[in-house]
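I opened my notebook to look this structure up piece by piece. These are my entries, in the order I made them.

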Amino acid sequence: MTAHLARRPVRRALPLVALSLAATLLVGSAHADSTTPADPTLAGDLDAILSDARLANAQAGVVVLDAATGQPVYQRQPNALLTPASTLKTVTTAAALDLLGADHRFTTEVRTTGTQRGSALFGDLVLRGGGDPSLRPDDLDALAAKVADAGITVVTGRLLTDATRYESTPLGPGWAWDDEPYSYSPQISALTLAPDAEYTMGAAQVIVTPGEAGKPAKITFNPAETPLTVSGQVTTGAAGSGTTSGVERKRGANVLAVSGSIAAGAAPATYWTTVENPAAYTGAVFAGALARHGVRVVQPTAAANGSEQSQVLASHDSATIGELITPMLKLSNNGIAEHLLKETGKVKGGTGSWSAGITQVRAFLKANGLELPAGRQVDGSGLSRYDLVTPAKMAGLMQLASTKPWFDAWYAALPVAGNSARMVGGTLTARMRGTAAQDNVHAKSGSMGGVDNLTGYATAPDGRKLVFTVMVNNFAGTSPRPLIDAIAVRLAAGHPAAPSTAPAAPKQLQAPQSRSVAPQQSDDAPSAQTRWEDCELLARC
């Protein structure tokens, strides 16, 4: 199922910008040989940053381009094949915006088989997934209300969940098995559910509430109908004793192993976990909504096979792709990225699969002069260790994007360095604060164990827009992130700024049960810590 960004000749005339990009990407010089004269000290300054001992034995690739012309300003290993991690989301979103259009929406339908006579539907009710990664419980409630408004109070058949728009493979090639319980690694399905306003799809909240000291704690779910069962017990400890509760979903099953204790009188502890079989999960929540609206389904919920003859009763449209890329890029939402890839494959290639989507991405890159040098893409989010891309291709993509009609929305959707507003700064909220890069650099981060990358835009003091890609792979020990940030700051400041010499705090690989957060203030208010903090903590962004 691995797809490659193959090295093939371009057989048709390309637009001028594509020819310029292709020439740029084939430049193989180390760095200063290909710089433009606008900033003669830049090469030396970046060389000095990259000579830091923290990069000893690591592999670093850096490309800086003039955004207006695509000409190289600085290069270090531009054609090295490196692991992109979540910077790959820039490739996926650019292709989706170009091929599907910023106005594309995902549609979820409620359909009926058989006939309605009076208040009874003699047949099945079908919940057909349209690939919406942002479908929420409130949306299902609204669909259930429409069923009731149609006069239906009894369904003699079943509720069928239809996820056949996309292939049934739930996890991407090369995804780590030990990531599966974490909310940043959801199973991918054309019918899925996101219980919060940040679209943490395919996951649910587990809420542990203390009781009386010495008694079991209460465990509840959000949504309440989440098909999880509990194995074990969390006890209530003495007041002030602290919280040591643990929650971990067993692999391949909707069973939670719980343990530990929570102090009497403490605030409830909230954990996130992925849910096995997102379509069945969504169907369970929809069945609960139907019941609340007075609609009784006689037979058990089952999976549709996609061949059922049915008619549309009600539908729900998602926000546009142009709107969904904001939470996706700001918060590094892996699920949305995979849905964009599979939707691109479905709409443009007829099959909602990873391979079909990647075929379309390859065609997009080739048509825009970004076919060379070769690389490999197997998913949409960059969760896979199989993904490989060059700094030159990443920088070329950023330069290409600046020429597209959808660029303004895409640029605004990128995290903004040092901005404290969650849906502005995103994954860069705490980075580069108090520097020239703050509120200047727009960039996508990407990290996993031994990988830390940043690709985006910086505006120099003279107003020149620069495209940059910094990719650091194969490091162990001290994080190179201060050096990556120092490069972005140098581009924004126009003069050297010494990178921090303090070692970054090491990431602690923690089990899913460690993820305890304060309860949400409301259904729409994000919790103090949600899926991308797990992703940052475990280096999977």
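**Entry 1: a pocket lining.** I sorted the lining of the second largest pocket by class and got ten nonpolar, seven polar and one charged residues. The model is a predicted one, and I keep that in mind throughout. Next I looked up the volume. The second largest pocket holds about 260 Å³ of space. Its lining is made up of 18 residues, and those closest to the centre are Ala163, Ser168, Ser189, Asn277 and Ala279. I then asked which elements give two or more residues to this lining. They are α5, residues 278-292, and β19, residues 302-303. Helix α5 has the largest share, with three residues.

**Entry 2: salt bridges.** How many salt bridges does a search of the whole structure find? The search gives 17. I looked at three of them in turn.

I began with Asp47 and Arg76. Their side chains meet in a salt bridge at 2.9 Å, N to O. Asp47 sits in helix α2 (residues 42-50) and Arg76 in strand β3 (residues 72-76), so this pair ties together parts 29 residues apart in sequence. I checked exposure for both partners. Asp47 is partly exposed, because its relative accessibility is 22%. Arg76 is partly exposed as well, with a relative accessible area of 21%.

Then I turned to Asp141 and Arg292. Their salt bridge spans 3.6 Å, N to O. Asp141 belongs to helix α4 (residues 137-149) and Arg292 to helix α5, so the pair ties together parts that are 151 residues apart in sequence. Asp141 comes out as partly exposed, at 24% relative accessible area. Arg292 is exposed, at 52%.

My last pair was Glu198 and Arg422. Here the closest N and O atoms are 2.6 Å apart. Glu198 lies in the loop between β9 (159-162) and β10 (203-209), and Arg422 in helix α11 (residues 422-425), so the pair ties together parts 224 residues apart in sequence. Is Glu198 buried or exposed? It counts as buried, because its relative accessibility is 6%. Arg422 counts as partly exposed, at 21%. I also looked for bridges with shared partners. One network made this way joins Asp141, Glu225 and Arg292.

**Entry 3: a sheet.** I followed one open sheet across its five strands. The order is β3-β2-β24-β23-β22, and the pairing is antiparallel. Which strands stand at the edges? They are β3 and β22 (442-448); each has a single partner strand, so one side of each is left without a neighbour in the sheet. I looked up the turn between neighbouring strands too. On average it is 5 degrees, direction ignored. I noted how strands pair in general: through backbone hydrogen bonds, either parallel or antiparallel.

I then picked out β23 and β24 within the sheet. Strand β23 covers residues 451-459 and strand β24 covers residues 465-473. Nine bridges join these two antiparallel strands. Within the pairing, Asp452 stands opposite Val472 in β24. Strand β3, at one edge of the sheet, had already come up in my salt-bridge entry, as the strand that holds Arg76.

**Entry 4: backbone oddities.** I searched for a cis peptide bond. One joins Asn222 and Pro223, with omega at about 0 degrees. Where does Pro223 lie? It lies in the loop between β11 (218-222) and β12 (229-232).

Next I looked at positive phi values outside glycine. Asn57 is one such residue, with phi of about 75 degrees. Its place is in the loop between α2 and β2 (59-66). Asn57 is exposed, because its relative accessible area is 78%.

Tyr199 is another residue other than glycine with a positive phi, in this case near 60 degrees. Tyr199 is found in the loop between β9 and β10. That loop also holds Glu198 from my salt-bridge entry. Is Tyr199 buried or exposed? Tyr199 counts as buried at 19% relative accessibility, because buried means under 20%.

Conventions: Residues numbered from 1 in each chain as written. Predicted model: local features only at pLDDT ≥ 70, side-chain atom pairs only at ≥ 80, totals over all residues. Heavy atoms only, no water. 1 Å grid on protein atoms, 1.4 Å probe; cavity = no way out; pocket = protein on both sides within 12 Å on 5 of 7 lines; lining within 4 Å. Points joined across faces, edges and corners; volume = space filled by probe spheres on them. Helix = DSSP H or I, 4+ residues; strand = E, 2+ residues; numbered from the N terminus. Nonpolar A, V, L, I, M, F, W, Y, C, P; charged D, E, K, R; others polar. Salt bridge = Lys/Arg side-chain N within 4 Å of Asp/Glu carboxyl O. Buried < 20%, exposed > 50% of the residue type's maximum accessible area, 1.4 Å probe, protein only. Pairing = 2+ DSSP bridges. Axes fitted to C-alpha atoms, helices over the stretch in contact; angles between N-to-C directions.
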